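Dear colleague,

I am passing on to you the structure we spoke about, together with some notes on it. Please open it beside this message and read the two together.

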Amino acid sequence: MIELPETYVLSEQINNTLVGKTILNVTANAHPHAFAWYAGDPAGYHDKLSGKKVTSSNPGTGYTCGGNTEIICEDMLLVISTPIKYHAPGDKLPAKHQLLIEFDDFSHMSCTVQMWGAMFCYGTDGDGLPEGYTVKKCPDPLTDAFDEAYFDGLWGGVKPNLSAKAFLATEQRIPGLGNGVLHDILWNAQIHPKRKLETLGAAEKANMYASVKSTLHNMRAQGGRDTERDLFGCKGGYKTVLSANTLKSPCTACGGALVREAYLGGNIYYCPNCQPATCK
């Protein structure tokens, strides 16, 4: 899944690679996917975008929220929550894709949905959003606006029996922070994903906030996670502590065995020694 660190990486690479290119052709929904979402009829994307020049890109901070890559094409906006790949002129294109854009230098950009993903296209004035889609604007954890007072407000606005995972990674409470980045955040804070907020003391709460800020910063600074790929198909430089990549390896802190189990609609990874399930 593309989450906040990767949207920063993708938007920076798009600004360096695609800005200034003019769109020649757009193919959307060539290979229908049950969990690929568009704004309106994807058949109309070509007419909306052809002839437009790519002018800038944001990591979901301009018009929407974290977890999206925004690509501004003059007066049109692409909001993409899937992996994005650049193809230089002459490169082999993917056999299946949900969005393919050809530029005036015959390079391409493609999106191929993995589990699910949105590829919205609408005017920068906001018209054309899919019915029921709302934009939740809130401070980006990588900015100063996401301070401890804001975090305290989030904490105070939920039921105390909510788990640490549910608090951080559900309901888009912190857009762009999902199940992918969650595990290292909680490992750094030494908090078990199932711990209820009401069992966490002031020091653990402060550790969680500090870990959200520092872990996401490190993931972004190192080019995204090693479980994800950037615009050029390269894995990120941040080596995840807890992921499918590391499950069979010992915990880097204590040397103990790591655990994966299903919880709240997805897998959780943790170290039972470093992240005890009950209060110390």
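Below I go through a sheet, the nonpolar cores and the cavities in turn.

Please keep in mind throughout that this is a predicted model.

I begin with the sheet, which is open and made of five strands in the order 2-9-5-4-3, with mixed pairing. Strand 2 (36-38) and strand 3 (56-58) are found at the edges, and because each of them has a single partner strand, one side of each is left without a neighbour in the sheet. If direction is ignored, neighbouring strands of this sheet are turned by 15° against each other on average. For strand 3 the partner is strand 4 (residues 69-73), and the two pair in the antiparallel sense over three bridges, with Ser56 standing opposite Ile72 in strand 4.

Turning to the nonpolar cores, the largest has 35 residues, and those with the most contacts inside it are Ile71, Ile80, Ile84, Leu99 and Met109. Once its neighbours within four places in sequence are left aside, Ile84 is in contact with Leu10, Ile14, Thr69, Ile71, Met109, Ser110, Cys111, Asp230 and Leu231. Another core, of 26 residues, lies apart from the largest one, and Phe151, Ala164, Ile174 and Leu186 are among its members.

Finally, there is the question of empty space inside the model. The count comes to two cavities of 30 Å³ or more, and the largest cavity holds about 50 Å³ of space. The residues lining this largest cavity include Glu6, Val9, Leu10, Arg225, Asp230 and Cys234.

With best wishes

Notes. Residues numbered from 1 in each chain as written. Predicted model: local features only at pLDDT ≥ 70, side-chain atom pairs only at ≥ 80, totals over all residues. Heavy atoms only, no water. Pairing = 2+ DSSP bridges. Helix = DSSP H or I, 4+ residues; strand = E, 2+ residues; numbered from the N terminus. Axes fitted to C-alpha atoms, helices over the stretch in contact; angles between N-to-C directions. Core = buried A, V, L, I, M, F, W, Y, C linked by side-chain atoms within 4.5 Å. Buried < 20%, exposed > 50% of the residue type's maximum accessible area, 1.4 Å probe, protein only. Contact = heavy atoms within 4.5 Å. 1 Å grid on protein atoms, 1.4 Å probe; cavity = no way out; pocket = protein on both sides within 12 Å on 5 of 7 lines; lining within 4 Å. Points joined across faces, edges and corners; volume = space filled by probe spheres on them.
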